[in-house]
Each structure stands twice: as structure tokens, then as C-alpha cells.
Amino acid sequence: KTKLKAKKLTYNGNIQINNEEKKSSYSVKAGDVLDIKYFNKNIKIRVKEVPSENLRKEDIENYIEVLSS
């Protein structure tokens, strides 16, 4: 949701990218698979494409594929 939340989740080991823990400075690439533990949810997504600018909420599905939630 925000960069600060993502940084905290990454720092605490709650986000893995391609089955590896990455630093919050990692630049996500098309094809990356993210495993996210957020409260009591486990979400797995694949990045289809990295946007060149900020997205509107309505456009997110064009850039990610939810594999499990």
C-alpha cells in the first residue's frame, strides 16, 4: 500500500521475492513472484509489468496476477 509499509514488511521478513528475502531497495521486475504475509493473510502475486508511473487502483490488475490469497 505504501513504501513505508512495504519497507517494514520487508525488514520483518514478511515479503519474499522469488522465494528469497530481498532488501526493501530491491527493484521489482516483470515475472517476479511475491509472497506477502500481511496480518493473517498470505498473498502470492506475479508481476506482469512494472508501471512507469503511479497507478490508479482500477489499473492494478493490468500489472499483477494474484496467484493465491
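1. Two strands count as paired if DSSP finds at least two bridges between them. With that in hand, a good place to start is Asp35, which stands opposite Lys44 in S4. Asp35 itself belongs to strand S3. Please keep in mind while reading that this is a predicted model.

2. Now for the sheet as a whole. Five strands form an open sheet in the order S2-S1-S3-S4-S5, and their pairing is antiparallel. The edges are S2 and strand S5 (64-68), each of which pairs on one side only. As general background, the strands of a sheet pair through backbone hydrogen bonds, either parallel or antiparallel.

3. How many bridges hold S3 and S4 together? The two strands pair in the antiparallel sense over six bridges. Besides the Asp35 position, Ile36 has Ile43 in S4 as its bridge partner, and Lys37 stands opposite Asn42 in S4. S3 and S4 also make a hairpin with two residues between them.

4. The neighbouring pairings are worth following along the sheet. S1 and S3 run antiparallel and are joined by three bridges, with Ile15 opposite Ile36 in S3. Going the other way, four bridges join S4 to S5, again antiparallel, and here Val47 stands opposite Ile64 in S5.

5. Let me return to Asp35 and its surroundings. Leaving aside neighbours within four places in sequence, Asp35 is in contact with Asn14, Ile15, Gln16, Asn19, Ile43 and Lys44. Asp35 and Ser69 are 34 residues apart in sequence, while their C-alpha atoms are 9.9 Å apart in space.

6. Which residues make up the largest nonpolar core? There are seven: Leu9, Ile15, Ile17, Leu34, Ile36, Ile45 and Val47. Strand S1 (15-17), strand S3 (33-38) and strand S4 (41-47) are the elements that each give two or more residues to this core. In soluble globular proteins, nonpolar side chains tend to be buried together.

7. Ile15 is a handy core residue to click on. Beyond its neighbours within four places in sequence, Ile15 is in contact with Ala6, Leu9, Thr10, Glu21, Asp35 and Ile36. Two of the names in that list, Leu9 and Ile36, are core residues too.

8. Asp32 deserves a careful look. This residue sits in the loop between strand S2 (20-21) and S3. Asp32 is buried yet has no salt bridge, and the nearest side chain of opposite charge, that of Lys29, is 4.6 Å away. A salt bridge asks for a side-chain nitrogen of Lys or Arg within 4 Å of a carboxyl oxygen of Asp or Glu, so the Lys29 side chain at 4.6 Å does not qualify. The backbone of Lys29 does come into play, however: its nitrogen lies 2.9 Å from a polar atom of the Asp32 side chain. Not counting residues up to four places away in sequence, Asp32 touches Ile17, Asn18, Tyr26, Ser27, Ile45, Arg46 and Val47; among these, Ile17, Ile45 and Val47 are part of the core.

9. Where do salt bridges turn up? A search of the whole structure finds four. One of them links the side chains of Arg46 and Glu65, at 3.2 Å from N to O. Because Arg46 lies in strand S4 and Glu65 in strand S5, this pair ties together parts that are 19 residues apart in sequence. Arg46 is partly exposed at 32% relative accessibility, and Glu65 is partly exposed at 34%.

10. Glu20 and Lys22 also meet in a salt bridge, 3.0 Å from N to O. Glu20 is partly exposed, with a relative accessible area of 44%, and Lys22 is partly exposed at 24%. Further along, Arg56 forms a salt bridge with Asp59, their closest N and O atoms being 3.6 Å apart. Salt bridges with shared partners join Arg56, Glu58 and Asp59 into one network. Arg56 counts as exposed at 52% relative accessibility, whereas Asp59 counts as partly exposed at 23%.

11. Finally, two backbone angles to check. Most residues other than glycine have a negative phi. Asn19, in the loop between S1 and S2, has a positive phi of about 65° although it is not a glycine. Phe39, in the loop between S3 and S4, likewise is not a glycine and has a positive phi of about 55°. Are these residues buried or exposed? Asn19 is exposed, with a relative accessible area of 60%, and Phe39 is exposed at 77%.

Notes. Residues numbered from 1 in each chain as written. Predicted model: local features only at pLDDT ≥ 70, side-chain atom pairs only at ≥ 80, totals over all residues. Heavy atoms only, no water. Core = buried A, V, L, I, M, F, W, Y, C linked by side-chain atoms within 4.5 Å. Buried < 20%, exposed > 50% of the residue type's maximum accessible area, 1.4 Å probe, protein only. Contact = heavy atoms within 4.5 Å. Lys, Arg positive; Asp, Glu negative; His and termini not counted. Polar contact = N/O pair within 3.5 Å; in protein donor to acceptor, adjacent residues only side chain to side chain.
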